[in-house]
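Grab a pencil and work through these short exercises on strands, sheets and the helices that lie across them. Each task comes with a worked solution.

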Amino acid sequence: MDELVSLCKRRGFIFPSSDIYGGLASCYDYGPLGVELKRNVKNAWWKAVVQMRDDMVGLDCSILMHPMIWKASGHVDKFADLVVECRKCNTRTRVDHLQGAEGVETTRHSHGEAQAGADLSDKVCPGCGSTGQFTEPMAFRLMFETQMGANVDDSMKVYLRPETAQGIFANFGNVLDSTRLKIPFGIAQIGKSFRNEVTTKAFIFRTREFEQMEIEFFCRPGTDDEWWSRWKEQRMQWYLDLGIRKENLRFREHAPDELAHYAKACVDIEYLFPFGSGDWQELEGIANRTDYDLRQHQRGIRSVTRWFENRRDTEKTPLVEEAAEWHKGPLSYFDDQAREKFIPYVIEPSAGVDRGALAFLVDSYAEEEVRGEMRNVLRLHPSLAPIKVGIFPLVKKQGMPEKGRAIYDDLKRFWSCFYDEKGAVGRRYRRQDEAGTPFCVTVDGQTLEDDTVTVRDRDSMEQVRVGGDKLRAFLLEKLDM
Ligand code: ATP
C-alpha cells in the first residue's frame, strides 16, 4: 500500500488536497493520470449499466436539494454513527468498527435507533489497546450542513447530499413522465456525495467527499428477489471483466440483524485490500430497499405545508401519517396492462468511484525483476488505463521525431496517447509501465526504410513489428473495449 501511495503521488495519480498548506485530512485531488483513470472507471460503469441496456436511463441531480428530501428519507433524524471515545487516549471510534463488536447496532444509514448501553466491556481501543475504557456511545451526525440565501432571515439550512440515491427517487415521476419507460427499469447516476465520517481510512478508501455510482432499479413487488439476484451477479461480473482477480473479490451477505429496517436483503461486494495484513472491505452494496423510499417521499410531499409552518425547520417537521391508500400518491406507478397502481420495489446497486479506482490500482500493481532490474507495473485493463498508447522515436534525429509525431497526431484522435522523445527508450518504457499504458509504439531506423514500427506489450514486454498502415487496426483489435 505504501509503495502504491508513493507511486500515485510521484506519477500524478493522486495528491493530498491543499498540499501546499500541509494537506486537509482525508481529502485528495486526482492528478493528470488519476483524473483519466477515474473518468475511465465512470465511463466503464456507464457503458455497462446505461449504454448497453435498454432498461436503464441516466440522471444528474443537484447536490443541494430541498431539505424535506432528507427528512423524508430518514437522514435528518437517523443518519448518524454511534461513536465512543477512549478514556485513556481520547481516540474516537465507530462502535461497529470496534474489534469483536459484531451485533452492536448503530443508526448508520437510517438503520434504526441507537443502541445506547451496548456492552463494550470487552472491546479494545484501536488507538492504545486498552480494553473497555470507553465513554457512553454518542450519536455523531454524518450530514454536512450549510446555509442557502444571503440574508440571515430568509436563509435556510440545507445539506450536502450524503448519497446520490435520493435525487433519483425525487425524480422518479419526472423520468416516468418524460420517457416511455415501463417497469422494470432503472435510473443511474454518478456524482459527489459528502459524509462527515468519524474516522477516515487508508488513502482514498474512506473520505469525507467522494463519488458514487448508483442505480435505483424499479420493479414490480414480487419480482424483487429475482432482480436482486440478477444485479448481484451482474455487478460482480463487472469487476471481473475489468480485470480484478477473482480470489480478491467476494460477496458478503448482511445478516438479518444487520439489515436496515426497510431493507429486505443486502449483499456487499468486498475486495481484499492490503490494509494491515489484508482486510476484506466493501466496494459496493446491493440492497433490496423495497418500496420504502418512494413511500417515504409520498409522506414527505404531504408534509411540505407543515414544513413552511415550522419556519423551514426539517427537524421539527413531522412526516404526515401513512395514508390508507398509498398507491394513489404521485410517486406510484400505473401498470396500464394490469390496470393497476402500485409503488414499485427498488433494487439499489451502490458503488464508490474512489474505492473502485483504489481496488483497480491495488489489484493491477506489481513490482517485478526484469533482467536484473526492478520494474513497477500497473496491469490496468485497457479501458481503465489513463494512457492507451505511448509513442517514441528511438532517437531524436534522422526524421524519427517527425514520423513519431505524425503517428501520435493520427492515433490521438481515437485514444489518449503520450508522445515522448526524451532519454533512453528503456526508461521511457518503464515510465509507461508505471502509468499502466498497455502499448508503446517505437519509431526506429527500420521505420524510415519500410514504414514498420515496433509495438511493445506492457505485460509480456514482447515487441512485434507492425506496418504503419496497419497500426491503427492492430491497436483497435487489442484495445477493443
Ligand atoms: P462503509 O460502511 O464502508 O462506510 P457504507 O455501507 O456506509 O460504507 P453505502 O452507504 O452503502 O456505504 O455507500 C455505497 C458505496 O459508496 C460504498 O460501497 C462505497 O463504495 C462508497 N462510499 C460510502 N462511503 C464512502 C466514503 N466515506 N468514502 C469513499 N467511498 C464511500
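**Exercise 1.** Which residue in strand 10 does I187 stand opposite?

Solution. Keep in mind that you're looking at a predicted model.
- Start with the pairing: strand 9 (residues 185-194) and strand 10 (residues 209-219) run antiparallel, joined over ten bridges.
- Now go to I187 and look across to strand 10: the residue facing I187 is E216.

**Exercise 2.** Place that pair in its sheet and find the edge strands.

Solution.
- Write down the order: 3-9-10-16-13-12-11, an open sheet of seven strands with mixed pairing.
- Check the ends: strand 3 (56-59) and strand 11 (249-253) are the edge strands, each pairing on one side only.
- Add the twist, which averages 25° from one strand to the next.
- Finally, lay helix 9 (residues 353-364) on top: helix 9 lies across strands 9, 10, 12, 13 and 16, at about 40° to strand 12.

**Exercise 3.** Why is one side of strand 20 and of strand 23 left without a neighbour in the sheet?

Solution.
- Take the order first: five strands make an open sheet, 20-19-21-22-23, with mixed pairing.
- Strand 20 (417-419) and strand 23 (463-467) are at the edges with a single partner strand each, so one side of each has no neighbour in the sheet.
- Neighbouring strands here are turned by 25° against each other on average, direction ignored.

**Exercise 4.** Find the residue opposite F439.

Solution.
- Strand 21 (residues 439-443) pairs with strand 22 (residues 452-457) in the antiparallel sense, over four bridges.
- Across from F439 you'll find D457 of strand 22.
- Helix 11 (residues 425-435) lies across both of these strands, among others, and runs at about 170° to strand 19 (389-393).

Definitions and conventions:
Residues numbered from 1 in each chain as written. Predicted model: local features only at pLDDT ≥ 70, side-chain atom pairs only at ≥ 80, totals over all residues. Heavy atoms only, no water. Pairing = 2+ DSSP bridges. Helix = DSSP H or I, 4+ residues; strand = E, 2+ residues; numbered from the N terminus. Axes fitted to C-alpha atoms, helices over the stretch in contact; angles between N-to-C directions. Contact = heavy atoms within 4.5 Å.
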